[in-house]
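Dear colleague,

I am passing on the structure we spoke about, with the sequence alongside, and would be glad if you could look through it when you have time.

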Amino acid sequence: QMQEESKTMLRTALLACVAASASAFAPGSAPLTRVSTRAAIARGPQMQEMSKAIPFLERPAKLDGSMAADAGFDPLGFSDYYDVKWLREAE
């Protein structure tokens with residue numbers, strides 16, 4: 001009698017562990033929130049020039065390649081808020 005109860009309890013615990021580990025790989029039910037980034041903003045049907053430094057981001061407008069070693073690396077968008085010459089000096 002006692003041995004049968006311990007087997008049942010062991011099977012139940014094992015089933016709970018298997019179910020918990022399987023649910024870890026199941027997709028979540030909460031909806032994903034949209035995050036707006038420079039790479040995800042749609043700006044129209046025309047083709048955007050992409051950055052040489054980060055090919056999946058568009059080239060920042062103020063980094064046009066006129067300065068030496070300008071490869072368009074500005075993933076945080078500092079060139080939108082500060083003068084490019086000041087940023088170059090700070091670098």
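Below is what was found, beginning with the chain as a whole and ending with single residues.

Please keep in mind throughout that this is a predicted model. The protein chain has 91 residues, of which 13% count as buried, and its secondary structure comes to 2 helices and 0 strands. The accessible surface of the chain amounts to about 8,200 Å², and 62% of that area belongs to carbon and sulfur atoms. If one takes the contacts between residues at least 6 apart in sequence, 10% of them join residues at least 24 apart.

A search of the whole structure turned up 1 salt bridge, in which the side chains of Glu 49 and Arg 59 meet at 3.2 Å, taken from N to O. Both Glu 49 and Arg 59 lie in the loop between α1 (2–23) and α2 (84–90), so the pair ties together parts that are 10 residues apart in sequence. As for how open the two partners are, Glu 49 has a relative accessibility of 51% and therefore counts as exposed, the cut-off being over 50%, whereas Arg 59, with a relative accessible area of 25%, is partly exposed.

You may also want to look at the largest pocket, which has a volume of about 390 Å³. Its lining is made up of 18 residues, and those that lie nearest the centre of the pocket are Leu 63, Phe 73, Asp 74, Leu 87 and Glu 91. By residue class, the lining of this pocket divides into 12 nonpolar, 2 polar and 4 charged residues.

One of those central residues, Phe 73, also appears in a pair with Lys 52: the two are 21 residues apart in sequence, while their C-alpha atoms are 7.7 Å apart in space. Lys 52 itself is placed in the loop between α1 and α2, and with a relative accessible area of 74% this lysine is exposed.

A second lysine, Lys 85, belongs to helix α2 and likewise counts as exposed, at 63% relative accessibility. Lys 85 can be paired with Met 67, from which it is separated by 18 residues in sequence and, C-alpha to C-alpha, by 9.2 Å in space.

If you open the model yourself, the salt bridge between Glu 49 and Arg 59 and the lining of the largest pocket, including Phe 73 and Asp 74, are the places I have described at most length.

With best wishes

Note on methods:
Residues numbered from 1 in each chain as written. Predicted model: local features only at pLDDT ≥ 70, side-chain atom pairs only at ≥ 80, totals over all residues. Heavy atoms only, no water. 1 Å grid on protein atoms, 1.4 Å probe; cavity = no way out; pocket = protein on both sides within 12 Å on 5 of 7 lines; lining within 4 Å. Points joined across faces, edges and corners; volume = space filled by probe spheres on them. Nonpolar A, V, L, I, M, F, W, Y, C, P; charged D, E, K, R; others polar. Helix = DSSP H or I, 4+ residues; strand = E, 2+ residues; numbered from the N terminus. Buried < 20%, exposed > 50% of the residue type's maximum accessible area, 1.4 Å probe, protein only. Contact = heavy atoms within 4.5 Å. Areas by Shrake-Rupley, 256 points an atom, 1.4 Å probe, with all protein chains shown as cover. Salt bridge = Lys/Arg side-chain N within 4 Å of Asp/Glu carboxyl O.
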